[in-house]
Amino acid sequence: MQGKLNVGILGATGMVGQRFIQILHNHAWFNISVIAASPNSKGKTYEEAMKGRWLLDEPIPENVKSMILDDVNDVKGISGKVDFVFSAVNMTKDEIKAIEETYAKTETPVVSNNSAHRWTPDVPMIIPEINPEHAEVIKFQRKRLGTSRGFIAVKPNCSIQSYAPAFAAWREFEPYESIVTTYQAISGAGKNFNTWPEMIGNIIPYIGGEEEKSEKEPLRIFGKIQDGVIVPASEPVISAQCVRVPVLYGHTAAAFVKFRKAPPSKEILIEKLNNFRSLPQELKLPCAPEQFIKYLDEDNRPQVALDVNYGNGMGVTIGRLRPDNIYDWKFIGLSHNTLRGAAGGAVECAELLTAQKYIEAK
């Protein structure tokens, strides 16, 4: 592509906003031109605003430290300086819906990490390797909004990235029922061990709203566009439990699955995982891993300590695939929750939408 697109990061001071900055500060296609947060941060340099608040191991990029924060509510001013925005704002769901739609109506595409619009029928919720065709619903959304280039696209919940890709790779065998337990890192709550010391050596068997997302969002990912909206699939039916564990990065899933069509063998299932390729790999998108899913043969893999950064944190690792005495098969999956599951997934989504010409220079 010719020249970089100018992007804004809404909610740049939170953990996901920090990940956006880390990923985008030297991105091949995108240039950070605006960083924005709450009115309390307006006018401060990013370094000033983040004093004592930077949560990542990597330091604040030098070219971002001196950037001045804007107020996310200055929609007109920010929209005049960017080609599109990433949204990671910390507001109520209704406030997020409203502000993202306001940006879209200024002809500024919004790629959101937030959950507010995940069930808006004409808003695509995209894992680029699984349902890139859902971007086609944008034309119907634009008609509703009265825009020619503005729209909203979202990425799904971070926890489903550790098991939904396996279901996608095995789609020809028709997975129709699954039980999943996710073991989720504390960074998924926007915290580390310094800000959440009570998680050290602890497990909390509840994450508000997470189980419903884990059960329902894969069905929307596997759905189809009908009459201008995305109609969720009816299968696989998923029952989920979600547990917070003392891990900084990485969501692990223990999944059990039944198939309508019996897979020929374990070897075939593994082959389907390792050979799963999609449009992001064909297009060689900057954030897309060369191999999306990697199967690990060792009995004690995947492990957070060894595997969470596979594919620069954008790949998914699967292991311990074996027959089950109640379900057909069971396996363990692992994904990086703030890279593949959050900011990185949103950036790859924006790359896809750029390659598809939904996002272009103003």
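**Salt bridges, a kinked helix and some unusual backbone**

Let me begin with one pair of side chains, those of E101 and R144, which meet in a salt bridge with a nitrogen-to-oxygen distance of 3.7 Å. This pair links distant parts of the chain, since E101 sits in helix α5, residues 93–105, while R144 sits in helix α6, residues 138–145, and the two are 43 residues apart. Please keep in mind throughout that what we have on the screen is a predicted model.

As for how far these two side chains are covered, E101 has a relative accessibility of 22% and therefore counts as partly exposed, and R144, at 42% relative accessibility, is placed in the partly exposed class as well. With the cut-off for buried set at under 20%, the 22% of E101 falls outside that class.

R144 has another partner, because D122 also forms a salt bridge with R144, and here the closest N and O atoms are 2.6 Å apart. D122 belongs to the loop between β5, residues 110–112, and α6, whereas R144 is in helix α6 itself, so this pair ties together parts that are 22 residues apart in sequence. D122 has a relative accessible area of 7%, which means that this residue is buried. Taken together, salt bridges that share partners join E101, K105, D122 and R144 into one network. For context, a search of the whole structure finds 15 salt bridges, and, as a general matter, side chains of opposite charge can pair when their charged atoms come close.

A further salt bridge from that search brings us to another region: the side chains of E348 and R340 meet with an N-to-O distance of 3.0 Å, and both of these residues are buried.

Helix α12 covers residues 339–355, and I would like to spend a moment on its geometry. What separates the end C-alpha atoms of this 17-residue helix from the span of a straight one? The ends of α12 are only 20 Å apart, short of the 24 Å that a straight helix would reach at 1.5 Å a residue. The axis itself is also bent, with a kink of about 55 degrees in α12 that is centred on G345. The helix is mostly covered, given that 16 of its 17 residues are buried.

What follows α12, and with what sign of phi? The residue is K357, with a positive phi near 75 degrees, although K357 is not a glycine. K357 is placed in the segment after α12, and at 58% relative accessibility this lysine counts as exposed.

E174 is another non-glycine residue with a positive phi, in this case of about 60 degrees. E174 lies in the loop between α7, residues 164–169, and β7, and with a relative accessible area of 33% this glutamate is partly exposed.

Strand β7 itself, residues 175–184, holds T182, for which the relative accessible area is 1%, so that T182 counts as buried. If we leave aside its neighbours within four places in sequence, the contacts of T182 are with S159, Y163, Q241, C242, V243, T252 and A253.

Two cis peptide bonds also deserve a look. The bond from E235 to P236 is cis, with omega near 5 degrees, and P236 is found in the loop between β9, residues 229–231, and β10, residues 237–244. R301 and P302 are likewise joined by a cis peptide bond, with an omega of about 5 degrees, and P302 lies in the loop between β12, residues 293–296, and α11, residues 304–307.

Let me close with the chain as a whole, which has 12 helices and 14 strands. The radius of gyration is 20 Å, close to the 21 Å that the globule rule gives for 362 residues, so the chain is as compact as a globular protein of that length. Along its principal axes the C-alpha trace spans about 60 × 50 × 35 Å, and 58% of the 362 residues count as buried. Among contacts with a separation of 6 or more, 77% come from residues 24 or more positions apart. Finally, the chain exposes about 15200 Å², of which carbon and sulfur atoms supply 48%.

Key. Residues numbered from 1 in each chain as written. Predicted model: local features only at pLDDT ≥ 70, side-chain atom pairs only at ≥ 80, totals over all residues. Heavy atoms only, no water. Salt bridge = Lys/Arg side-chain N within 4 Å of Asp/Glu carboxyl O. Helix = DSSP H or I, 4+ residues; strand = E, 2+ residues; numbered from the N terminus. Buried < 20%, exposed > 50% of the residue type's maximum accessible area, 1.4 Å probe, protein only. Expected span 1.5 Å × (residues − 1). Bend = angle between axes of the 7 residues up to and from the residue. Rg over C-alpha atoms; globule rule 2.2 N^0.38 Å. Contact = heavy atoms within 4.5 Å. Areas by Shrake-Rupley, 256 points an atom, 1.4 Å probe, with all protein chains shown as cover.
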